[in-house]
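Colleague: Got a minute? I'd like to go through this structure with you.

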Amino acid sequence: MQDPNCVFCRIIAGEIPAAKIAEDEYGLAFLDIAPFEKGHTLVIPKYHAALLEDLPVEWLRNFSPLMQTVGRRLRETLPCDGYNVMLNNGKSASQEVPHIHFHIVPRYEGRELEWKGGSYESDEEMLLLAKKLYLE
Ligand code: AMP
């Protein structure tokens with residue numbers, strides 16, 4: 001199920017470019033354009049649902065392993081020491097894009113996180129990182 005007005009559905013459909021790092025039948029993972037840390041990734045189901053509880057449970061079951069795959073990939077390839085997995089569920093919880101997306105944010109021992117969006121030096125830097133992280 002897709003919504004033609006949803007930016008993340010349009011990324012799934014290939015209408016808007018994204019720095020993809022992994023994809024399967026049920027989900028897509030791509031770099032956040034305003035990363036808390038470089039490698040900050042969004043993992044989304046290929047089903048348009050705004051809130052966690054709107055997602056049919058079989059979709060949750062089928063798409064969530066992609067988070068595990070991406071987390072492992074970030075840890076091994078960046079490499080980072082750990083990562084936060086975060087879902088902003090609802091406007092009051094700071095959700096801006098109404099299509100479920102789990103943030104996977106790389107973390108490093110002894111480094112504080114400001115929890116605010118930064119940027120890559122250039123589109124090229126972001127695309128090169130996505131290429132490095134890309135999983136067939
Ligand atoms: P949230 O506040 O949880 O809804 O977060 C939305 C996230 O989506 C933000 O971190 C944005 O930087 C990110 N974002 C919005 N549009 C795009 C896009 N076209 N490609 C990648 N990330 C995006």
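Modeller: Sure, one definition to begin. Ala, Val, Leu, Ile, Met, Phe, Trp, Tyr, Cys and Pro count as nonpolar; Asp, Glu, Lys and Arg count as charged; the others, Gly among them, count as polar.

Colleague: How does the shell around the ligand divide into nonpolar, polar and charged residues?

Modeller: Eight are nonpolar, five polar and two charged. Keep in mind that this is a predicted model: local features need pLDDT of at least 70, side-chain atom pairs count only at pLDDT 80 or more, and totals for chains, interfaces and linings use all residues. Residues are numbered from 1 along each chain as its sequence is written, and side-chain values use heavy atoms, with hydrogens and water left out.

Colleague: Which residues come nearest to the ligand?

Modeller: Asp32, Ser94, Glu96, His101 and His103, out of 15 around the ligand. A residue is near if one of its heavy atoms lies within 4 Å.

Colleague: Which helix and strand each supply at least two shell residues?

Modeller: α1 (7-12) and β2 (27-31). Helices (H or I, at least four residues) and strands (E, at least two) are DSSP runs, numbered from the N terminus.

Colleague: What sits 2.7 Å from a ligand oxygen?

Modeller: A polar backbone atom of Ser94. A backbone N or O atom of Val97 lies 3.0 Å from an oxygen atom of the ligand. For His101, a side-chain N or O atom is 2.8 Å from a ligand oxygen.

Colleague: How much of the ligand's accessible area does the protein cover?

Modeller: 84% of the 510 Å² that the ligand has on its own. Such areas come from the Shrake-Rupley method with a 1.4 Å probe.

Colleague: New topic. How many aromatic pairs are there in the whole structure?

Modeller: Five. Rings of Phe, Tyr and Trp (its six-membered ring) pair if their centres lie within 6.5 Å; planes under 30 degrees apart count as stacked, over 60 as edge-to-face and the rest as tilted. Phe8 and Phe30 form an edge-to-face pair, 5.4 Å centre to centre, with 80 degrees between the planes. This pair links distant parts of the chain, 22 residues apart: Phe8 is in helix α1 and Phe30 in strand β2.

Colleague: And the backbone? Which peptide bond is cis?

Modeller: The one from Leu78 to Pro79, with omega near -15 degrees. Pro79 lies in the loop between α3 (65-77) and β4 (82-87).

Colleague: What about phi of Ser94?

Modeller: Positive, about 75 degrees, although Ser94 is not a glycine. Ser94 is in the loop between β4 and β5 (102-107).

Notes
Polar contact = N/O pair within 3.5 Å; in protein donor to acceptor, adjacent residues only side chain to side chain.
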